[in-house]
Amino acid sequence: MAQNIRPMAVAGQFYAASRQALTNDVAQCYKKGRELLAASGVAAKRNEKVQAVVVPHAGYVFSGGVAASAFATIPSEAIYKHIFLLGPSHHVAFDGASVCDAFDAYATPLGEVPVDTALCRQLIADNRVFTYKPSAHDREHCLEVQLPFLQYRWKTLPTIVPIIIGTQEYAKLKDIAAALRPYFTADNLFVISSDFSHYPSYDDALKVDGNSGKALSTGRLADFLAALQENAALRVNNLYTSACGQSAIAVMLMMMEGDTTTQIRHIAYLNSGDSPYGGKDEVVGYHSFCVLRAVKSSNEPQELSSEDQEIKGEKDSLLSAEDKRQLHHVAWNAIAPANRHVKVTPTGIFERKLGVFVTLMEHGRLRGCIGHFGEDVALGALTREMAHAAAFEDPRFTPLREDELDDVQIEISVLTPLKRIHSIDEFQYGKQGIYMRKGWRSGTFLPQVADEVNWTKEEFLGHCAQDKAGIGWDGWKTAELYTYEAIVF
């Protein structure tokens, strides 16, 4: 354990103070984040690596899903030397930037995050724009709230470099960018912490944040600064700022200037008025972005086999938007009373024999989940059966009550056919689900479970064997293993 630990400043305020509660909350943030990410269509290609993310730093009940949507773009197996955390000072004004070299680690309820104090001290020694101001870090939340998302994503984190920027002076920001540019490479991840509009009305925030988000999406500093000026000229009532972390964002854009291998992609937008805990009169806006860098790798995945290409092509074209809508209606009709039924128009997919899992969520927490691989039942009938079972027959929960219906969300996972594998090297963790069978015992984890836990591939298999199949931690090593993919909606 590290000897000198920066204590938690906002645990119990911005995020839960207990390990278990925080783990559960971050899992739900990632679930929402994956939904937002899927809707955006943003994904790193095989020759791209996530260079940076722009994420909000409000309380998790307000901005956690948006933040997770950016972190979810980073593969859990991605390797970085350092994570540079850049954010604004909320408590003290000062010139330049403060690099925290005073602590060996930052504490969160999920454990300790190591600081590269040697690199921090080198930055301070080599660049006059950097210093260390304790007051800039002691109560600051904008970097601290990002750490649980990173801890949940990776089992072992690389060292962090915490930097708080206290100036908006253009020349000083250029100096900061110049000092950090040598580290703005595929070897390191940059986390840029910023909320957007502060305290306009809900409708005004949509306009202001729309301007800021569109400008930032160009990746050009001039466009971003022009949008900030345009928003100020609008004289929107109660608009305090268009982006509290505008200096950190500007530094990132300065580092990107002239770099043709990077591109910025917008992922999601919400504001505090979209949360059940927020009002509409005075809101704070939240955008998420990722910066992708084109890279060359000697370890690039091999081209898909013709069989895998066929499976992937089938998955991509398997369900239309209308198929998904009608299957969703089927699921609702299975759990709602007669007066809540919606009209179902069966489509051709209803007769396909495909597996399906139906998951019910209530206030962001699991309320029931039942599924079947569907080798002998048509998908339409199977969806109805699994939805009813998830609502009323999941032994982990009491039967769903009618007064809960307004608070329930339904997630449906339609499964591609099972494919037998003979080595875990064939299992694409995070993309595929696993099904294992040994004797009369069997168990499965859906693909999306990988994004909800902080496990390695072997731990994922061990938990499935022990917790789901009941064949012991190492039981997967002698079980029949099958993979599949899921279309989740």
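**Ala268, a four-stranded sheet and the second largest pocket**

Ala268 is located in strand E10, which comprises residues 262-271. In this predicted model, the residue has a relative accessible area of 4%. Ala268 is therefore classed as buried, the cut-off being under 20%. When neighbours within four places in sequence are set aside, the contacts of Ala268 are with Leu36, Val66, Ser69, Tyr286, His287 and Ser288. A further spatial relation links Ala268 to Gly213: the two residues are separated by 55 residues in sequence, while their C-alpha atoms lie 9.6 Å apart.

An open sheet is formed by four strands, arranged in the order E13-E12-E14-E19 with antiparallel pairing. Its edges are strand E13 (365-372) and strand E19 (486-488), each of which pairs on one side only. From one strand to the next, the twist averages 20°. Within this sheet, strand E12 (residues 355-362) is paired with strand E14 (residues 408-415) in the antiparallel sense, and eight bridges connect the two. In this part of the model, Leu360 is positioned opposite Ile410 of E14.

Two helices were examined with respect to the sheet. Helix H12 (residues 379-392) packs on the sheet and touches E12, E13 and E14; the direction of H12 makes about 35° with that of E12. Helix H1 (residues 19-40) likewise lies across E12, E13 and E14, and H1 runs at about 60° to E13.

Helix H1 also takes part in the second largest pocket, to whose lining H1 gives the most, with seven residues. The space in this pocket amounts to about 1400 Å³. Its lining consists of 46 residues, of which Phe445, Val449, Glu452, Val453 and Trp455 are the closest to the pocket centre. Two or more lining residues are contributed by each of the following elements: H1, strand E6 (111-114), helix H5 (147-153), E12, E13, strand E17 (441-445) and helix H13 (457-469). Strands E12 and E13 thus appear both in the sheet described above and among the elements that line the pocket. Classified by residue type, the lining of the second largest pocket contains 20 nonpolar, 16 polar and ten charged residues.

Technical notes: Residues numbered from 1 in each chain as written. Predicted model: local features only at pLDDT ≥ 70, side-chain atom pairs only at ≥ 80, totals over all residues. Heavy atoms only, no water. Pairing = 2+ DSSP bridges. Axes fitted to C-alpha atoms, helices over the stretch in contact; angles between N-to-C directions. Contact = heavy atoms within 4.5 Å. 1 Å grid on protein atoms, 1.4 Å probe; cavity = no way out; pocket = protein on both sides within 12 Å on 5 of 7 lines; lining within 4 Å. Points joined across faces, edges and corners; volume = space filled by probe spheres on them. Nonpolar A, V, L, I, M, F, W, Y, C, P; charged D, E, K, R; others polar. Buried < 20%, exposed > 50% of the residue type's maximum accessible area, 1.4 Å probe, protein only.
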